[in-house]
Amino acid sequence: MNYVQGFVIAVPNANKQKFIDHARQFDPLFIEFGALRILECWGEDVPRGKQTDFFGAVKCQDDETVVFSWIEWPDRATCDAAMEKMMADPRMDPAANPMPFDGARMIYGGFSPVVVIE
């Protein structure tokens, strides 16, 4: 069964196009290293919660939008091997290619699907 990495980030509204450009530049590297599919989703209908929500999880500020992304992998082993390659790849150097958002506020994790309906 596939393996999924999920990401939630706060992106400054002024950086929307920079975020899209960054994703178009770097997401193909994940595919190069074995990812099956990547989705980058700009928040459109994200409700504020009474106890917790996406905004609080990433300390989203008024001039930012929550972005929800995921990468589908054939399995965890492929994901783990790809992440090692990504971290060693000079194309991913943050000094040369800075992220258009605050990576310190990103939340992420890897998940094994338990129910899949297609």
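The radius of gyration is taken here over C-alpha atoms, and the globule rule used for comparison is 2.2 Å times the number of residues to the power 0.38. For the predicted model described here, a compact globule with 118 residues would have a radius of gyration near 13 Å, and the chain agrees with this at 15 Å. Along the principal axes, the C-alpha atoms fill a box of roughly 40 × 35 × 20 Å.

Three helices and four strands are present in the chain. In sequence order, these elements follow the pattern β-α-β-α-β-α-β. Among contacts with a separation of 6 or more, 84% join residues that lie 24 or more positions apart. Of the 118 residues, 32% are buried. The chain exposes about 7,800 Å², of which carbon and sulfur atoms supply 55%.

In soluble globular proteins, nonpolar side chains tend to be buried together. In this chain, the largest nonpolar core consists of twelve residues, namely Tyr3, Phe7, Phe26, Leu29, Phe30, Phe33, Ala35, Ile71, Trp73, Cys79, Ala82 and Met86. At least two residues of this core come from each of strand E1 (3-12), helix H1 (16-32), strand E3 (64-73) and helix H3 (76-88). Another core, of six residues, lies apart from it and includes Val8, Ala10, Phe55 and Cys60.

Tyr3, a member of the twelve-residue core, illustrates how separate parts of the sequence are brought into contact. When residues up to four places away in sequence are not counted, Tyr3 touches Ile71, Glu72, Trp73, Pro74, Asp75, Arg76 and Cys79, and also Gly110, Phe111, Ser112 and Pro113. Of these partners, Ile71, Trp73 and Cys79 belong to the largest nonpolar core as well.

Met106 is located in the loop between H3 and E4. With a relative accessible area of 23%, Met106 is classed as partly exposed, because that class lies between the limits of 20% for buried and 50% for exposed residues. Its contacts, leaving aside neighbours within four places in sequence, are with Phe7, Val8 and Ile9. Among these, Phe7 is part of the largest core, whereas Val8 is part of the six-residue core. Met106 and Asp21 are separated by 85 residues in sequence and by 18 Å in space, C-alpha to C-alpha.

At the surface, Val114, Val115 and Ile117 make a nonpolar patch of about 400 Å². Ile117 is placed in the segment after strand E4 (107-111). Its relative accessibility is 77%, and Ile117 therefore counts as exposed.

Key: Residues numbered from 1 in each chain as written. Predicted model: local features only at pLDDT ≥ 70, side-chain atom pairs only at ≥ 80, totals over all residues. Heavy atoms only, no water. Patch = residues over 30% accessible without salt bridge, like charges linked within 9 Å, V, L, I, M, F, W, Y side chains within 5 Å. Areas by Shrake-Rupley, 256 points an atom, 1.4 Å probe, with all protein chains shown as cover. Salt bridge = Lys/Arg side-chain N within 4 Å of Asp/Glu carboxyl O. Buried < 20%, exposed > 50% of the residue type's maximum accessible area, 1.4 Å probe, protein only. Contact = heavy atoms within 4.5 Å. Core = buried A, V, L, I, M, F, W, Y, C linked by side-chain atoms within 4.5 Å.
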